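I opened this entry to keep a record of what I looked up in the structure, going from helices to charged pairs and then to backbone geometry.

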Amino acid sequence: YTNNRDLETWIRVYREAGLKIYGLYFPVAPEKTPAWNPAINEAIAMLKGSETVLWITIPAPKTMTPEAYDKAVTKTLREFGDLAKASGLRVAIYAHAGCHAASAADSLRIARMVAHPAVGPSYNLCHEFLTGNGDKAMETLRAVAPEAVRVSFNGVDTADRKRFILTLDEGNFDIPAFLAELKRSGYKGPVGHQFYQIPGEPEANLRKAIDAWRRYQPKEGAPK
């Protein structure tokens, strides 16, 4: 998220192209007042009735104890969940290294703690590796995916931290097994590809990822 003028343009351009905006990404910081950019309220109204998910990071606490921060997170996300629900939207707690929800397991814990119908966890494969949980990536997927609002992945070289984000056709992580497990979990939402700081031309990287996605889908079909 940048500002509502940009969002208005994105909505128009995506609509004209017959595409959907699947996620709007921004922080919600319970230690701050207000906890989120007030312009987000208008953005939510602009997205009313769409399938866009409000994809939020929760910064790690700076002044509060873990227990106090969990209480603040719960209160804040219930309020934010109410705002999202009023416009027919859902909130995904983004699992991002360095944040309060650093891993998918953290995201699941916080979502269950908040216990709001519009708020759920998310799973991001590269951040499982960045948080040192790569060896449990499949186990965590099985735990989180049934409740996940969003799932994102990419190719991963499991032995090289600098190559935890690759195009889907690269790396040694077993992507077909990941997709098969995701399907078995019952997850029905979209799957996003992480392209952050991948070298090369974006269009070429996207083509490579699409080709790999088509090759890797289980024969009976995979999530869209």
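**Helix α8**

I began with helix α8, residues 202–216, whose 15 residues reach 21 Å from the first C-alpha to the last, close to the 21 Å expected at 1.5 Å a residue. I note here that the model is a predicted one. I then asked which residues of α8 are buried, and found N205, A209, A212 and W213. They cover an arc of only 105° around the axis, which puts them on the same side of α8. On the face turned away from that buried side I found the exposed residues R207, R214 and R215. Looking for what covers the buried residues of α8, I listed β5 (150–153), α7 (175–184) and β6 (191–193) among the elements that do so.

**Helix α2**

I put the question of burial to helix α2, residues 39–46, and its buried residues came out as I40, A43 and I44. Their arc around the axis is only 100°, which means that they sit on the same side of α2. I traced the packing of these buried residues to α1, β1 (23–27), β2 (53–57) and α3 (66–86).

**The loop after α2**

I moved on to G49, which I located in the loop between α2 and β2. Is G49 buried or exposed? I recorded it as exposed, because its relative accessibility is 66%. Setting aside the neighbours within four places in sequence, I found G49 in contact with S87 and L89. I also looked up the C-alpha separation between G49 and A86, which is 9.6 Å for two residues that stand 37 residues apart along the chain.

**A nonpolar patch**

On the surface I looked up a nonpolar patch of about 360 Å², which is made by W10, V13, Y14 and L19. I placed Y14, one of these four residues, in helix α1, residues 4–16. With a relative accessibility of 35%, Y14 counts as partly exposed.

**Salt bridges**

I asked how many salt bridges the structure holds, and the count is nine. As background to this step, I keep in mind that side chains of opposite charge can pair when their charged atoms come close.

I looked at the pair of E147 and R112, where the closest N and O atoms are 2.5 Å apart. E147 lies in the loop between α6 (137–144) and β5, while R112 belongs to helix α4 (residues 104–114), so this salt bridge ties together parts that are 35 residues apart in sequence. I noted E147 as partly exposed, because its relative accessibility is 33%.

I then turned to R163 and D157, a salt bridge whose closest N and O atoms are 3.1 Å apart. R163 counts as partly exposed at 32% relative accessibility, whereas D157, at 17%, counts as buried; the cut-off that I applied for buried is under 20% relative accessible area.

In helix α7 I found E181 and R184, three residues apart, about one turn of the helix. They form a salt bridge with the closest N and O atoms 2.9 Å apart. I compared their accessibility as well: E181 is buried, with a relative accessible area of 11%, and R184 counts as exposed at 58% relative accessibility. Following the charged partners further, I found R142, E181 and R184 linked in a network of salt bridges.

**Backbone geometry**

Which peptide bond did I note as cis? It is the bond from T33 to P34, with omega near -5°, and I located P34 in the loop between β1 and α2.

I then looked up positive phi values in residues other than glycine, and A115 appeared with phi near 50°. A115 lies in the loop between α4 and β4 (119–124), and I recorded it as exposed because its relative accessible area is 57%. Q197 is another such residue, with phi near 60°. I placed Q197 in the loop between β6 and α8, where it counts as exposed at 65% relative accessibility.

Terms used: Residues are numbered from 1 along each chain as its sequence is written. This is a predicted model: local features need pLDDT of at least 70, side-chain atom pairs count only at pLDDT 80 or more; totals for chains, interfaces and linings use all residues. Side-chain values use heavy atoms; hydrogens and water are left out. Patches are made of residues with over 30% relative accessible area and no salt bridge: like charges are joined within 9 Å, nonpolar side chains (Val, Leu, Ile, Met, Phe, Trp, Tyr) within 5 Å. Accessible areas come from the Shrake-Rupley method with a 1.4 Å probe; for residues, only the protein chains shown count as cover. A salt bridge is a side-chain nitrogen of Lys or Arg within 4 Å of a carboxyl oxygen of Asp or Glu. Helices (H or I, at least four residues) and strands (E, at least two) are DSSP runs, numbered from the N terminus. Buried means under 20% relative accessible area, exposed over 50%, partly exposed in between (1.4 Å probe, protein chains only). The arc is that of the directions from the helix axis to the C-beta atoms. Contact means heavy atoms within 4.5 Å. The expected span of a helix is 1.5 Å times one less than its number of residues.
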